[in-house]
Amino acid sequence: VRRNAGEDEFHQAVKEVFESLGAVIAKRPDYAEDGLIERICEPERQVIFRVPWTDDRGQVHINRGFRVEFSSALGPYKGGLRFHPSVYLGIIKFLGFEQVFKNALTGMPIGGAKGGSDFDPKGRSDAEIMRFCQSFMTELYRHLGEHTDVPAGDIGVGQREIGYMFGQYKRITNRYEAGVLTGKALAYGGSQVRTEATGYGSVFFVREMLRTRSADFDGKKVVVSGSGNVAIYTIEKIQELGGKVIACSDSDGYVVDEGGIDLALLKDIKERRRGRVADYAEALGSTATYVPQGCIWDVPCDIAMPSATQNELNGRDARVLVENGVMAVGEGANMPCTPDAMRIFTDAGVLFGPAKAVNAGGVATSALEMQQNASRDSWTFEATEERLASIMRGIHDRCSETAEEYGAPGNYVVGANIAGFIRVAEAMRALGVI
Ligand code: NDP
């Protein structure tokens with residue numbers, strides 16, 4: 001505890017995984033030998049660095065940059081970069097730890113990492129974002145490489161930021177190393193479906209869960225929190241499958257639109273104008289209701305997909321959702337449900353898909369982007385989406401079968417934690433004490 005003092009989110013993430021591992025250690029005590037459990041909790045490398053940059057008025061700002069390279073047992077370190085004022089070591093470590101198991105679950109050859117900065121991109125000009133990204137990469141580049149560590153986006157980091165960082169990497173190293181970052185634009189080595197992948201993948205996973213109860217999205221009322229990359233493409237795929245998304249949010253409030261969210265308008269406001277959910281409600285006038293600072297989980301729905309940030313759905317919210325008859329919850333964001341909330345859903349028999357399984361489609365498609373870069377090839381949208389759908393079916397089935405095998409049928413949390421752990425543990429055992 002002292003070694004990781006004050007890192008609350010990291011403790012929460014580790015505890016959640018450990019709660020599932022009893023059954024597997026009982027069956028395979030060798031997985032607990034050679035300090036394997038201790039090693040899996042200790043990042044292989046943690047880098048913390050200064051990021052100085054100058055704003056448009058000439059004022060100098062100093063932010064803190066992080067890259068936690070957690071595990072390379074299965075492949076090069078892989079995981080996103082987050083730019084948000086709440087970022088500190090504990091957040092990056094929780095995300096990195098989760099990433100190890102998530103990446104293992106995809107079945108692809110990728111290790112786990114996460115990084116970012118406490119930089120707040122909100123309200124910053126394009127030029128400021130570019131200068132920040134260049135300064136950030138000026139330190140980070142020495143730790144990266146297509147065979148070493150391959151970052152992607154996360155909160156506050158999308159295609160624009162990846163572009164600025166790739167430009168700086170290329171400039172410093174004098175290498176056109178397309179596979180060093182994923183989430184690139186199609187214009188220079190990006191993959192079809194990467195932008196949509198986390199949202200689409202989350203919906204594919206929930207579709208598989210619903211199928212186990214002979215249900216689907218058609219006609220269902222869905223609430224999706226957030227209005228960023230994951231939320232937007234979650235909404236898009238749900239609408240394609242006949243579901244009705246009636247609410248979404250940002251950190252200022254939520255909007256309810258009983259007629260169904262107007263996705264074209266939402267995309268225009270969020271992706272082009274970089275506006276707010278309040279602007280969406282204003283543009284629609286009386287059809288939509290904007291609730292500033294409200295709790296989106298008070299909106300009754302059949303399916304809930306928390307897709308904003310960690311610990312955004314607590315025990316109280318879970319009770320309200322259960323009382324309102326929710327049948328499935330899919331975690332699009334990382335660790336959005338508190339341990340209390342997870343327990344309430346599980347006890348109530350709600351289908352509950354944990355983040356490391358549900359949102360793994362993003363990183364899986366990043367791995368497909370790496371494959372395309374390595375072979376200097378690019379695949380069609382349809383072929384890539386089909387790969388994603390089949391990967392998500394595979395993850396669903398692996399979680400479900402593992403849960404069954406270890407005496408917790410229907411419990412996707414146990415299934416995901418154990419299946420991810422076994423794959424990493426097998427590789428670590430083979431590689432010796434390193
Ligand atoms: P974006 O930055 O595109 O969007 C984040 C959304 O969440 C925004 O609407 C934002 O609102 C809201 N949000 C962020 N922080 C908070 C907060 N503290 N309280 C309330 N709302 C908040 O990020 P992504 O969509 O990429 O990421 C969302 C989640 O999905 C994260 O947990 C991320 O780790 C996870 N994820 C993302 C993947 C990806 O491929 N992008 C892959 C796997 C997981 P506001 O604008 O007001 O800040």
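**Group meeting talk: two domains, one ligand shell**

Okay, let's start with a threonine. Thr198 sits in helix α6, which covers residues 194-211. Before I go on, keep in mind that what you have in front of you is a predicted model.

So, is Thr198 buried or exposed? It has 32 C-beta neighbours inside 10 Å, and 20 or more is the cut-off, so Thr198 counts as buried. If we skip residues up to four places away in sequence, Thr198 touches Asn229, Val230, Tyr233, Gly332, Asn359, Gly361 and Gly362.

The reason I picked this residue is the record. UniProt, in an unreviewed entry, lists Thr198 and Asn229 under "binding site". Those two are spread over 32 residues of sequence, yet they cluster in space, with a largest C-alpha distance of 8.1 Å.

Now the partner. Asn229 is in helix α7. This asparagine is buried too, because 25 other C-beta atoms lie within 10 Å of its own. Its contacts, leaving aside neighbours within four places in sequence, are Gly158, Thr195 and Thr198. So from either end you find the contact between Thr198 and Asn229.

On to the ligand. Which residues come nearest to it? There are 24 residues around the ligand, and the nearest of them are Gly228, Ser251, Ala308, Ala333 and Gly362. You've met Gly362 already, as one of the residues that Thr198 touches. By element, helix α7, residues 229-240, gives the most to this shell, with three residues. That's the helix that holds Asn229.

What is the shell made of? Five of its residues are nonpolar, 15 are polar and four are charged. And both domains take part: the shell draws at least three residues from domain 1 and at least three from domain 2.

I should introduce those domains properly. Domain 1 runs over 42-193, and domain 2 over 195-358. Their C-alpha centres lie 26 Å apart. Where they meet, ten residues of domain 1 are in contact with eleven residues of domain 2. On the domain 1 side, the largest share comes from helix α3, residues 89-105, with six residues. Sorted by type, that side has six nonpolar residues, two polar and two charged.

Next, a lysine in domain 1. The unreviewed UniProt entry lists Lys114 for "active site". Where is it? Lys114 lies in strand β4, residues 112-117. And this lysine is buried, because 31 other C-beta atoms lie within 10 Å. Not counting residues up to four places away in sequence, Lys114 touches Val68, Gly79, Gly80, Ile92, Leu95, Gly96 and Gln99. If you're following on the structure, have a look at helix α3 again, residues 89-105, since Ile92, Leu95, Gly96 and Gln99 are among the contacts of Lys114.

There's another lysine worth a minute, Lys220. You'll find it in the loop between α6 and β6. It's a loop residue, but Lys220 is still buried, because 20 other C-beta atoms lie within 10 Å and the cut-off is 20 or more. Its contacts outside the immediate sequence are Gly243, Lys244, Asp302 and Ile303. For a sense of scale, the C-alpha atoms of Lys220 and Gln293, which are 73 residues apart along the chain, are separated by 26 Å.

Just after that loop comes strand β6, 221-224. It pairs with β7 in the parallel sense, over three bridges. In β7, Val245 is the bridge partner of Val222. Strand β7 itself, residues 244-250, is largely enclosed by the rest of the structure, because five of its seven residues are buried.

Last item: two backbone oddities. Val193 has phi near 75°, a positive value in a residue that isn't glycine. It sits in the loop between α5 and α6, and Val193 is buried, because it has 24 C-beta neighbours inside 10 Å. Then there's Asn311, also not a glycine, with a positive phi of about 55°. That one is in the loop between β10 and α10. Is Asn311 buried, or partly exposed? Partly exposed, because 16 other C-beta atoms lie within 10 Å.

To wrap up, then: UniProt's Thr198 and Asn229 cluster in space, and the shell around the ligand draws on both domains. That's me done.

Terms used
Residues numbered from 1 in each chain as written. Predicted model: local features only at pLDDT ≥ 70, side-chain atom pairs only at ≥ 80, totals over all residues. Domains from an automatic or database assignment. Contact = placed C-beta atoms within 7 Å. Helix = DSSP H or I, 4+ residues; strand = E, 2+ residues; numbered from the N terminus. Nonpolar A, V, L, I, M, F, W, Y, C, P; charged D, E, K, R; others polar. UniProt positions renumbered as here; feature names shortened; annotations may be inferred. Buried ≥ 20, exposed ≤ 12 C-beta atoms within 10 Å, placed from the backbone. Near = placed C-beta within 6 Å. Pairing = 2+ DSSP bridges.
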